[in-house]
Every structure is written in structure tokens, then in C-alpha cells.
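Reader: Could you walk me through this one while I have it open on my screen? I'd like to take it piece by piece.

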Amino acid sequence: MSAARVERLAALVGEEGLDQLIVGDLVRPGDSSGDATANTRWLTGFGGTSAISVVGPDARVFITDFRYTERAEEEVGDDFERVTAAGRLLPELASRLSGRVGFDDTATSVANLAKVEAELGEGVELVPAGGLVERLRRRKDETELAAIAEAARIADDAYESVLAGGLGGRTEREVATAVHARIRELVRVAQRAGLDAVGAGIGGEQADEAARAVIRDGGRGDNFGHGLGHGVGLEVHEAPRLGKLSEDVLEPGDVVTVEPGVYVPGEFGIRIEDLVSVTEDGYRNLSSLPKELRVVE
């Protein structure tokens, strides 16, 4: 999916007389600016919150920070050079620019533009070029059309479930809570499936699929964008990995997270996480907080 989009954008960049185009949100003036945008997600498939890309006829670079190294490996295709910035994203971005470079003047702050310009090498020219990615995004491909149709079907199902429960005497908040509750059940069932799959000799991909299948069958597969879990030890993220591309096999003594989730952009996100120790015949759950709803005043 992303490879075809990248090629289309690279061709358009060349047609506009540019050598490269910066794709990403440079509005916020913070030191780590580079918030991922809808353009980034459309182009690369990356769903994290910190990323900048550089695309051109001879350029395919994706830059993120250390928090998203593993996620980028899972979500961003090999058509990009994936780079983890040693510090701030903007200096790393500037070091990758050459020639005549377009930037989205509608999504770049004056402060961040100045920061990039201060780091540029000789011969690099920054040119306002907003709207190029949006021009391509207007025409939906078959994958997008299928995803949009599925989203409409899920919305229809949610409305049907609400209507089945009746509306008389219920507030709008109560109705919305009922819809969200269905998604929370879904995630809890998926987590239980993931936990049940954990054990010595089980592949990380196999455990991930056990939980992912539940969410996919529930119509929310596209909203489960991260891996099921990862190892925990001296570092928060370490081996083994539980994900779609994992080649790891669980061993006794491994400590891993099991954390499926559903995230609906602009609406809500739900993730349920347990920390477990892998044993010969399954796992030991190290997390004890109950998952039942509790009202706190």
C-alpha cells in the first residue's frame, strides 16, 4: 500500500520542480517537534505521534524518536530508510535535506522553520509547497474504500445495538457509554485470548494473532495498530516481542506485557495491559488490579 503511494508522491514532487518534500507536522515549537499527521499515516502507515518523512525522486527517509523504534519497524515499509534520531528530530531532519526542498507552509511554525534553516547545509533551499500530499489523498484507493466501508458498517452495527436497547429514558451520555462498553468488552476478550496463548514454546507472532483475531472478528482490526506486547526487564522495552512480525519464541522466565487495544482516531482509545511471567505450562500474571468497572467519587 505505502510503496505505491510513495512512488506517486515522489513523482509529484519531481513534477513540482522539487528534489525533496518534508512530510510531517512542524507546527508545535517544542524541542521534539515532528508530530505525526494524517499525511504521515497515509504515506507510511505509521500511527505513532512523533515522525517526519522526506520523500523525493531519490529520497525515502522516515525519522522518529527512540520511543517508536519498534513500532516503526512494524508499520513502516522497507521502501523507507528508517532512522531513530539521537536527540531532537529537527536537526536529524535538516541533516537529510538536499537541493530544493518543499515544506508544508500551512503546517510549519515560524519557530520550527527557523530551527531547520539554522541546521541546513550549503545549497539547500526551503520552498513553500503545502497541499501536495492532500492532493493525492483526495482520490481514495481500493484499500481506503474498503476501510471506510468497514467503518461505516461498524457504525451501523453500533447504532443497531443502541436501538435494540431502546432510547426511552436514556441520556445521550448513557447511550455513548453503552457503545464504548461494547468496545471495552471486545478488548477484554482479546486480552484473555492473548493471555491464554502465552506459554513456553509459543511464538510471539502466534500470541499476537490470538488476540488480534478477536479484535479483527469484532470489526476493529484496523484500530489495533500496535503489537500485543514486549519483554520487560532492566529496560521497559526489550526482547521478546509479541507482534505480527515477531520471530521470537517464548521461554520460561520471560516477562512480557499483554496489552491489546483499540484506538479510534479523534474519538477514544482503549488498552488493557497485564505483566506476566512465562512458565513451562503457561504464565503467571504479575498484575493484580481488577478490570471490572469501578466508580470513584
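Author: A definition to begin with: two strands pair if DSSP finds at least two bridges between them. In this predicted model, strand E5 (residues 100-103) and strand E6 (residues 125-128) run parallel and are joined by 4 bridges.

Reader: Which residue is the bridge partner of Arg100 in E6?

Author: Arg100 has Glu125 as its bridge partner in E6.

Reader: And how does the chain cross from E5 to E6?

Author: The chain leaves E5, passes through helix H5 (residues 110-119) and arrives at E6, which makes a β-α-β crossover that is right-handed.

Reader: Let's switch to E2. Is it mostly covered or mostly exposed?

Author: E2 is mostly covered, with 5 of its 5 residues buried. Ile52, Val54 and Gly56 point one way from the strand, while Ser53 and Val55 point the other way, and all of them are buried.

Reader: Which strands does E2 pair with, and in what sense?

Author: Strand E1 (residues 20-23) pairs with E2 in the antiparallel sense over 3 bridges, and within that pairing Leu21 has Val55 as its bridge partner in E2. E2 and E3 also run antiparallel, and they are joined by 5 bridges. In that second pairing, Ile52 stands opposite Ile63 in E3.

Reader: What joins E2 to E3 along the chain, and through how many residues?

Author: A hairpin joins E2 to E3, and it does so through 2 residues.

Reader: Okay, aromatics now. How many aromatic pairs are there?

Author: The count comes to 2 aromatic pairs, taking ring centres that lie within 6.5 Å of each other. In one of them, the rings of Phe46 and Phe62 have their centres 5.0 Å apart and their planes at 70°, so this pair is edge-to-face. Phe46 lies in the loop between helix H2 (38-44) and strand E2 (52-56), whereas Phe62 lies in strand E3 (residues 59-64), so the contact ties together parts that are 16 residues apart in sequence. Phe46 and Phe62 are both buried.

Reader: What about the rings of Phe46 and Tyr68, why is that pair called edge-to-face?

Author: Their planes stand at 90°, with the ring centres 5.7 Å apart, so the pair of Phe46 and Tyr68 is edge-to-face. Tyr68 lies in the loop between E3 and helix H3 (69-75), and Phe46 in the loop between H2 and E2, so this pair ties together parts that are 22 residues apart in sequence. Both Phe46 and Tyr68 are buried, and Phe46, Phe62 and Tyr68 form one aromatic cluster.

Reader: Different topic: what sits over the ring of Phe224?

Author: The charged end of Arg212 sits over that ring, 4.0 Å from the centre of the Phe224 ring. Arg212 is also among the buried residues of H9, which include Ala207, Asp208 and Ala211.

Reader: Where is the kink in H9 centred, and what span should the helix have?

Author: The kink is about 25° and is centred on Ala211. At 1.5 Å a residue, the 14 residues of helix H9 (residues 204-217) should span 20 Å, and the end C-alpha atoms are 20 Å apart, which agrees. Just after H9, Gly219 takes a positive phi of about 85°.

Reader: Last one: where is Asp157, and how far is it from Val61?

Author: Asp157 belongs to helix H7 (residues 142-164), and it is partly exposed, with a relative accessible area of 35%. Asp157 and Val61 are 96 residues apart in sequence and 40 Å apart in space, C-alpha to C-alpha.

Technical notes: Residues numbered from 1 in each chain as written. Predicted model: local features only at pLDDT ≥ 70, side-chain atom pairs only at ≥ 80, totals over all residues. Heavy atoms only, no water. Phe/Tyr/Trp six-rings, centres within 6.5 Å; stacked < 30°, edge-to-face > 60°. Buried < 20%, exposed > 50% of the residue type's maximum accessible area, 1.4 Å probe, protein only. Lys NZ or Arg CZ within 6 Å of the ring centre and 35° of its normal. Expected span 1.5 Å × (residues − 1). Bend = angle between axes of the 7 residues up to and from the residue. Right-handed = clockwise from strand over helix to strand, strands pointing away.
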